[in-house]
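Me: I have a model open and would like to go through a few spots in it with you. Could you take my questions as they come?

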Amino acid sequence: MEEAMGLNEYSFFDEAQIFVRAGSGGQGASTYKKGPGGQNAQPDGGDGGKGGEVSLLVDECLNTLAGLTQAWRPNSFGGGGGAKAASGGLKMRPMSFRAENGHDGARKFKSGRFGKDVVIRVPPGTLVQEEVDVVEIDEETGEEKVIRIDLIDLGTVGKDDWNSEMVVSLGGEGGEGSGSQGYKKGRGVRRTRASPVGGERKRLKLTLKIVADVALVGVPNAGKSTFLAAVTRAKPKIANYPFTTVIPNLGVWIPPNAYGNDDDVNNKSSGSGSEGLALCDVPGLIAGAAEGVGLGHAFLRHVERCHVILHLVDATSNDPVADYKMVNKEILSYGNGKLAQMPQIAVVNKVDAWEEGSGEDWEHGLKTRMDRESLEQALKEAMPHSRLMWMSAKEREGVDDLMGRMSVFVKKVKEAKESSY
């Protein structure tokens, strides 16, 4: 039980598996009008109703898939709740969603009522895939055995109007009633009426890719969470040891004077008017992260949907240049190399370490191994671009200038992407 509680405490819930089943069509009615003497006259059976469908709808208030897992449940007061451990282990049964079946038809040509649809709310940026079992038959026993599971992409649910809702399971058509064959036209002609159709059944894999403007990457303890807390209202966990961040953290930076009418609103050093930036703090990357080492591989997918990478370099590291090269190598090795083509801004953090007498008691002995001029020259030789800045997130030194310049750069990147479409 304690092991399950600890696991869920550090889970981000960016993946979920669910079963969906649309409603089946209703049965058509086989009724006839009563003629003289109680004989069957003209058929008047109505058609069955169509089954309900299952769809995914974007809810911008959500940022995880926790509500679609059995491991997390909100409490009765509307809070986040606590982790729910499964009995007998951590493996839990996926959640199931089933739409209502169509209602049966009735006499007097009354068609059945359509089944009620089921709407599942998901956060924006959710990738939807259908899991299809590929089976083979054992020649000796004759039993079916699953050899692999193929994933079929159904699309991504986003914020735009054209993809804010996705129908993932269609309802079955209702069966034909006796009245659908007509009376005079089909008199004396036998025709098989269409039977009701069952609704689609699917097993879906949902993967959340956070939609943000800027992704914060770097080695562990580079100061990413400190920087996020300095420029946004996010409250990530901050401590003086590596791997403090174990799940991605989101924050929104609002430009200075965004709600005022000052002339500095449109100044480049004060942001980009009323346009804010969404920042995503990704857990620190170590060597081999692209192959699944450490925590970074599980969250590198979130960087793919960002526009700009802000690469934080720790000035107090044993070898800042080697750290910079290692992180770029992992970005290049991940996936199909798409991350390596994303624009980057390199920023050296903890520049206050060069100042004598700075820092708290626990920071004594935290010194730089290279002077500023040597580090700048070495980084420029290793960088494929010239976007290098300096700051101290803890002391907020250079932070405002960085955010102002970065907001202008992100805006240019967005405009370039829109013009290329």
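Me: Where is the place of Asn 221?

Reply: Asn 221 sits in the loop between strand 13 (214–217) and helix 2 (224–231), where helices (H or I, at least four residues) and strands (E, at least two) are DSSP runs, numbered from the N terminus. Please keep in mind that this is a predicted model, in which local features need pLDDT of at least 70 and side-chain atom pairs count only at pLDDT 80 or more, while totals for chains, interfaces and linings use all residues. Residues are numbered from 1 along each chain as its sequence is written, and side-chain values use heavy atoms, with hydrogens and water left out.

Me: And what is phi of Asn 221 near?

Reply: Phi of Asn 221 is near 65°, which is a positive value in a residue other than glycine. Most residues other than glycine have a negative phi.

Me: Is Asn 221 buried or exposed?

Reply: Asn 221 is partly exposed, because its relative accessible area is 31%, and the classes are buried under 20% relative accessible area, exposed over 50% and partly exposed in between (1.4 Å probe, protein chains only).

Me: What about Lys 350, where is that found?

Reply: Lys 350 is in the loop between strand 17 (344–349) and helix 5 (372–382), and its phi is also near 65°, a positive value in a residue other than glycine. Lys 350 counts as buried, because its relative accessibility is 18%.

Me: Changing topic, which residues is Asn 101 in contact with?

Reply: Leaving aside neighbours within four places in sequence, Asn 101 is in contact with Gly 23, Ser 24, Gly 51 and Gly 115, where contact means heavy atoms within 4.5 Å. With Ser 24 there is also a polar pairing, since a polar atom of the Asn 101 side chain lies 2.8 Å from the backbone nitrogen of Ser 24. A polar contact is a pair of N or O atoms within 3.5 Å; within protein, one must be able to donate a hydrogen and the other to accept it, and residues adjacent in sequence count only if both atoms are side-chain atoms.

Me: Where does Asn 101 lie?

Reply: Asn 101 lies in the loop between strand 7 (95–98) and strand 8, and it counts as partly exposed because its relative accessibility is 32%. The C-alpha atoms of Asn 101 and Asp 117 are separated by 9.4 Å, with the two residues 16 apart along the chain.

Me: What order do the strands take in the open sheet with strand 8?

Reply: The three strands run in the order 8-4-11, with mixed pairing, and two strands pair if DSSP finds at least two bridges between them. Strand 8 (118–122) and strand 11 (165–169) stand at the edges with a single partner strand each, so one side of each has no neighbour in the sheet. Strand 4 (residues 54–58) pairs with strand 11 in the antiparallel sense over four bridges, and Met 166 in strand 11 is the bridge partner of Leu 56.

Me: One more residue: is Thr 126 buried or exposed?

Reply: Thr 126, in strand 9 (residues 126–137), counts as buried because its relative accessibility is 0%. Not counting residues up to four places away in sequence, Thr 126 touches Leu 65, Gly 155, Thr 156, Val 157, Leu 206, Thr 207 and Leu 208. A polar atom of its side chain lies 2.6 Å from the backbone oxygen of Pro 123.

Me: And how many helices and strands has the chain?

Reply: The chain has six helices and 18 strands, and buried residues make up 44% of its 421 residues.
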